[in-house]
Amino acid sequence: MDSTNNFNELSDDYTVGRPIYVKDFIDSLYMRYGFAEDSIIADIGAGTGKFSKQLLDRGSTVYCVEPNHDMRNTAIKELGKYQRFHAVNGTAADTKMDDESVDFITTAQAFHWFDTSLFKKECKRIIHKNGMVFLIWNMRDMSGDMNQKSFEIFSKYCPQFKGFGGGIKQNDIRIRQFFDNKYEYIEFDNPISYDRNTFISRSVSGSYSLKKSDADYDRYIEELYKVFEQYAENDKLVMANKTIVYLGHLG
C-alpha cells in the first residue's frame with residue numbers, strides 16, 4: 001500500500017512536535033559503529049530531516065530520501081544550508097541512489113511503512129559491502145500513565161491508529177525477517193518535554209490523527225488538552241520516551 005500521502009499537510013506540526021534522537025545514541029554511531037565525517041549515509045523516509053540534521057551536524061554527507069512533497073520541501077528549507085545535504089525524491093523500494101554508493105543506511109520513524117522485502121533488496125543494492133543498516137524509533141514508554149491515557153484517546157477517536165510506532169512490536173517479525181534474525185538491539189532513555197502547544201502538535205503530527213475537517217476533531221483535541229492539564233507541572237509535560245534501534249549487516 002502506498003503511504004506517500006499519509007503525511008500531507010503535516011510537515012509544520014511534525015517539525016514543531018516531533019523530538020530529536022538522544023545525543024548518547026548519536027555519539028554511539030560515531031564512537032562505536034564507524035560513522036565519520038567522510039561517511040555517506042542514506043536516510044530513507046527522512047521526512048522533515050529531524051534525524052538527518054543530527055548526522056549533518058557531525059559533518060557527514062546525508063542523502064535524505066523522502067517521497068512526500070511537503071515533508072521533503074520542509075527538509076530542504078530546514079537543511080539547505082548544509083553543503084553535505086542532498087534531498088532525493090525516492091522511496092524505500094526505489095531510492096534513486098547509485099549501486100554501492102553509501103556507507104550506512106538509516107531509517108527513523110519510517111520502517112513500519114515499508115514493504116520489507118523490497119526495502120531489503122534496495123538496501124543491498126545501494127550499500128557498500130559490510131555496510132550497516134539502522135532501524136530507529138523514538139518510542140513512547142508505555143509504563144507511563146500519560147502515554148497509556150494518550151493511547152486510549154487515539155484508540156477511541158482515530159480509526160487508523162494501530163499503536164505507537166505504526167504498531168511495530170519489540171523484535172517484530174518484520175525486523176527479524178529484514179535482518180535474517182541477525183541484529184543488535186540498543187535503547188536509550190530520551191524523555192521529552194512539551195508545553196501545551198507542542199504537545200498538541202506532537203499528537204496531531206501522527207498519520208493516524210484526526211484532521212480539522214473530521215467530525216470529532218474538537219472533542220478529540222479537548223481530551224488531549226485534558227491529558228496535558230492532568231500531567232503537566234509548571235506548564236511542562238514530560239513524556240516518557242526511549243530511542244530504540246535495531247542494527248545489523250545484510251547478508
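Q: What does "buried" mean here, and how many of the residues of helix α8 are buried?
A: A residue counts as buried when its relative accessible area is under 20%. In this predicted model, helix α8, which spans residues 196-204, is mostly covered, with 7 of its 9 residues buried.

Q: Which residues of α8 are the buried ones?
A: They are Thr198, Phe199, Ile200, Ser201, Arg202, Ser203 and Val204. At the start of the helix, a side-chain oxygen of aspartate 195 reaches to within 3.2 Å of the backbone nitrogen of asparagine 197.

Q: Where is serine 203 found, and what does it touch?
A: Serine 203 is found in helix α8, and because its relative accessibility is 1%, serine 203 counts as buried. A polar atom of its side chain lies 2.9 Å from the backbone oxygen of phenylalanine 199. Leaving out residues up to four places away in sequence, serine 203 touches Phe154, Ser209, Tyr220 and Leu224.

Q: Tyr220 is one of those contacts; which residues does tyrosine 220 touch in turn?
A: With residues up to four places away in sequence set aside, tyrosine 220 touches Ile153, Phe154, Tyr157, Cys158, Ser203, Val204, Ser209 and Leu210.

Q: How should I read a nonpolar core, and which residues of the largest one touch the most other members?
A: The general idea is that, in soluble globular proteins, nonpolar side chains tend to be buried together. In this structure the largest nonpolar core has 49 residues, and those that touch the most other members are Ile105, Phe119, Leu135, Phe199 and Tyr220. Helix α9, residues 217-231, contributes the largest share of this core, namely 6 residues. There is also a second, separate core of 27 residues, whose members include Phe25, Leu29, Phe85 and Phe104.

Q: Polar and charged residues can be read in the same way, so to speak; is glutamate 66 buried or exposed?
A: Glutamate 66 is found in the loop between β2 and α4, and it counts as buried because its relative accessibility is 9%. Its side chain has a polar atom 2.8 Å from the backbone nitrogen of glycine 47, and a polar atom of that side chain also lies 3.5 Å from the backbone nitrogen of alanine 46.

Q: What else is glutamate 66 in contact with, beyond its neighbours within four places in sequence?
A: The contacts of glutamate 66 are Gly45, Ala46, Gly47, Met71, Arg72, Val88, Asn89 and Gly90. Asparagine 89 shows how a separation along the chain can be set beside a distance in space, for glutamate 66 and asparagine 89 are 23 residues apart in sequence and 5.6 Å apart from C-alpha to C-alpha.

Q: Where is the place of asparagine 68, and is it buried or exposed?
A: Asparagine 68 has its place in the loop between β2 (61-65) and α4 (69-79), and it is buried, with a relative accessible area of 2%. A polar atom of the asparagine 68 side chain lies 3.0 Å from the backbone nitrogen of methionine 71.

Q: How is a pocket described, taking the second largest pocket as the case?
A: One can give its volume, its lining and the classes of the lining residues. The second largest pocket has a volume of about 340 Å³, and of the 17 residues that line it, Met139, Arg140, Met142, Ile168 and Gln170 are the closest to its centre. The elements that give two or more residues to this lining are β5 (127-140), β6 (184-189) and β9 (241-249), and β9 gives the most, with 3 residues. By class, the lining has 8 nonpolar, 3 polar and 6 charged residues.

Technical notes. Residues are numbered from 1 along each chain as its sequence is written. This is a predicted model: local features need pLDDT of at least 70, side-chain atom pairs count only at pLDDT 80 or more; totals for chains, interfaces and linings use all residues. Side-chain values use heavy atoms; hydrogens and water are left out. A nonpolar core is a set of buried Ala, Val, Leu, Ile, Met, Phe, Trp, Tyr and Cys residues joined through side-chain atoms within 4.5 Å. Buried means under 20% relative accessible area, exposed over 50%, partly exposed in between (1.4 Å probe, protein chains only). Helices (H or I, at least four residues) and strands (E, at least two) are DSSP runs, numbered from the N terminus. Contact means heavy atoms within 4.5 Å. On a 1 Å grid over the protein atoms alone, a cavity is a set of points where a 1.4 Å probe fits but cannot get out, and a pocket is an open set with protein on both sides within 12 Å along at least five of seven lines; lining residues have an atom within 4 Å of a point. Grid points are joined across faces, edges and corners, and a volume is the space filled by probe spheres set on the points. Ala, Val, Leu, Ile, Met, Phe, Trp, Tyr, Cys and Pro count as nonpolar, Asp, Glu, Lys and Arg as charged, and the others, Gly among them, as polar. A polar contact is a pair of N or O atoms within 3.5 Å; within protein, one must be able to donate a hydrogen and the other to accept it, and residues adjacent in sequence count only if both atoms are side-chain atoms.
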